[in-house]
Amino acid sequence: MTTTETDWSKTETPTTAEGWVSRAAEVSALLAVDAVTRDREGKTPHAEVRLLKDSGLVTLLGPTEHGGGGQEWPTAYRVVREIAAADGSIGQLLGYHYLWFWAARLVGTPEQITAVEELATTNRLFFGGAVNPRDSDVTITDEGDTIVYNGRKSFSTGSRVSDLTVLEGVLEGTDKHVFAIVPSDTPGLTFHDDWDNIGQRLTESGGVTIDGVRVDWASAAGYVDKTFTPRVYNTLNVPTIQLVFVNFYLGIARGALETARTYTREKSRSWLHGGYERAVDEPYVLDVYGDFTSKLWAVEALADRVAEEALVIHRAPDRVTERERGEHEVRVAAVKARATEVALEITAGVFEVTGARATASSEGLDRFWRNVRTHTLHDPVAYKRREVGVFVLRDEIPEPTWYS
């Protein structure tokens with residue numbers, strides 16, 4: 001795609017949450033124009049990431065004093081949903097970018113937070129991350145003033161379109177996990193072009209080899225004199241990224257429903273034995289659209305509510321208790337389960353109300369289901385429902401893990 005015909009430098013930078021959501025809607029409309037072709041070609045989305053940068057969306061969570069949006073997570077989630085409605089891959093990339101941008105606040109020292117946010121916001125840098133918890137083969141060697149990362153990760157979303165990469169590994173001889181942010185063109189980082197899945201094709205989620213990447217101890221996130229002092233807030237990474245998932249699932253579902261609606265209005269033919277001249281008058285078509293829309297609206301409302309509840313935690317990170325964190329995770333698990341089920345139902349079910357001709361490759365209606373089906377396998381939704389059930393029946397909160 002051409003990045004955009006809009007000269008974003010001449011447009012007024014949004015100052016409110018609604019303004020940023022409107023900006024995201026403008027970007028989404030541009031992405032939608034050639035989304036089908038882009039999905040089919042599967043090219044590295046350099047132009048699409050440039051669009052996210054030029055429009056300022058990458059700086060949404062950045063400090064206003066450095067040219068950022070100064071927004072909080074509820075706005076970021078809504079922006080991700082808007083972008084994902086046009087292109088699920090780009091929605092995922094942006095959502096993961098927000099997570100890794102925020103990672104400094106999750107585990108960093110005050111000095112590290114200030115340095116990372118100023119650097120990334122001022123330069124509109126884009127984040128990727130080599131942090132796959134199922135892989136335990138990245139080891140870190142302590143060499144005095146520096147640490148050295150070696151190993152491989154199966155997934156590194158954003159790899160070849162990122163400016164900065166978040167690394168994670170285990171310090172040799174210990175159980176200490178160490179995060180660090182390095183330039184993506186650092187010698188020793190090799191991103192592999194091996195992401196070949198049915199959906200989310202443009203997320204650049206292939207593997208990465210990490211060969212002797214050196215980082216100063218001073219840049220090890222949250223470590224002071226080689227010591228990390230844990231706090232409950234450090235465990236908010238899972239519910240936060242799970243809400244990112246929720247919102248690009250819902251965005252993809254909305255994109256499927258809106259695309260199908262346009263098709264039904266403009267192209268679908270009524271059934272010749274149904275007694276109606278237009279497809280939009282057939283009772284079963286009206287019922288399906290009403291059912292899908294009602295379910296989507298309900299889960300979107302729940303997602304927004306859970307995001308707002310999290311603000312209490314994010315605004316007072318040093319005061320959050322284990323119980324508060326656990327109850328929040330249960331709410332996240334609940335909305336994750338519902339978003340997964342509704343997104344899968346809508347993206348598969350729209351074919352029932354568009355007709356046989358809607359399966360043409362040129363329509364690209366299948367991409368929505370492929371995208372949702374691919375990423376919703378990230379972690380079993382049954383375990384999310386189990387978290388909720390355990391809380392309801394036994395009043396037990398989830399133990400923080402890489403997935404809960």
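**Group meeting: a walk through the predicted model**

Arginine 269 sits in the loop that runs between helix H7, residues 237-266, and helix H8, residues 283-315, and I would like to start there before moving to the whole chain, keeping in mind throughout that what we have on the screen is a predicted model. This arginine is exposed, with a relative accessible area of 65%. Once its neighbours within four places in sequence are set aside, arginine 269 is in contact with Ala279, Glu282 and Arg357. One of these partners also gives us a spacing for the loop: arginine 269 and alanine 279 are 10 residues apart in sequence, while their C-alpha atoms are 5.5 Å apart in space.

Let me now step back to the protein as a whole. It has 11 helices and nine strands. The radius of gyration is 22 Å, close to the 22 Å that the globule rule gives for 404 residues, so the protein is as compact as a globular protein of that length. Along the principal axes, the C-alpha atoms fill a box of roughly 80 × 55 × 40 Å. Of the 404 residues, 53% count as buried, and the accessible surface comes to about 18400 Å², with 51% of that area belonging to carbon and sulfur atoms. If we take the contacts between residues at least 6 apart in sequence, 75% of them join residues at least 24 apart. As for charge, there are 43 positive and 60 negative side chains, and the centres of these two sets lie 4 Å apart.

With that background, I turn to another arginine. Is arginine 81 buried or exposed? Arginine 81, which lies in helix H4, residues 73-86, is buried, with a relative accessible area of 6%. Its side chain makes a polar contact with the side chain of asparagine 247, at 2.7 Å. Leaving out residues up to four places away in sequence, arginine 81 touches Asn247, Leu250, Gly251, Arg254, Glu300, Ala303 and Asp304.

Next comes helix H3, residues 46-54, in which Ala47, Glu48, Val49, Leu51, Leu52 and Lys53 are buried; you will notice that a glutamate and a lysine are on that list. Against which helices do the buried residues of H3 pack? They pack against helix H1 (17-33), helix H2 (35-41) and helix H5 (88-107). Just after H3, glycine 56 takes a positive phi of about 85 degrees. Staying with H1 for a moment, leucine 30 is found in that helix and is partly exposed, with a relative accessible area of 27%. Leucine 30 and threonine 6 are 24 residues apart in sequence, and the distance from C-alpha to C-alpha is 9.8 Å.

Positive phi values also occur in residues other than glycine, and I have two to show you. For glutamate 204, phi is near 50 degrees; this residue is placed in the loop between strand E6 (189-191) and strand E7 (208-216), and it is buried, with a relative accessible area of 9%. For lysine 226, phi is near 65 degrees; this residue is found in the loop between strand E8 (223-224) and strand E9 (227-228), and it is partly exposed, with a relative accessible area of 34%.

I will finish with a pair of threonines, each in a helix and each with a side chain that approaches a backbone oxygen. Threonine 374 lies in helix H10, residues 366-375. Because buried means under 20% relative accessible area, threonine 374, with a value of 16%, counts as buried. What does the side chain of threonine 374 reach? It reaches the backbone oxygen of arginine 370, at 2.7 Å. Not counting residues up to four places away in sequence, threonine 374 touches Trp195, Asn197, Ile198 and Gly199.

The other threonine, 293, lies in helix H8, the helix that follows the loop of arginine 269 with which I began. Here a polar atom of the side chain of threonine 293 lies 2.7 Å from the backbone oxygen of tyrosine 289. Threonine 293 also gives us one more spacing: from leucine 257 it is 36 residues apart in sequence and 7.9 Å apart in space, C-alpha to C-alpha.

Note on methods: Residues numbered from 1 in each chain as written. Predicted model: local features only at pLDDT ≥ 70, side-chain atom pairs only at ≥ 80, totals over all residues. Heavy atoms only, no water. Helix = DSSP H or I, 4+ residues; strand = E, 2+ residues; numbered from the N terminus. Rg over C-alpha atoms; globule rule 2.2 N^0.38 Å. Buried < 20%, exposed > 50% of the residue type's maximum accessible area, 1.4 Å probe, protein only. Contact = heavy atoms within 4.5 Å. Areas by Shrake-Rupley, 256 points an atom, 1.4 Å probe, with all protein chains shown as cover. Lys, Arg positive; Asp, Glu negative; His and termini not counted. Charge placed at Lys NZ, Arg CZ, Asp CG, Glu CD. Polar contact = N/O pair within 3.5 Å; in protein donor to acceptor, adjacent residues only side chain to side chain.
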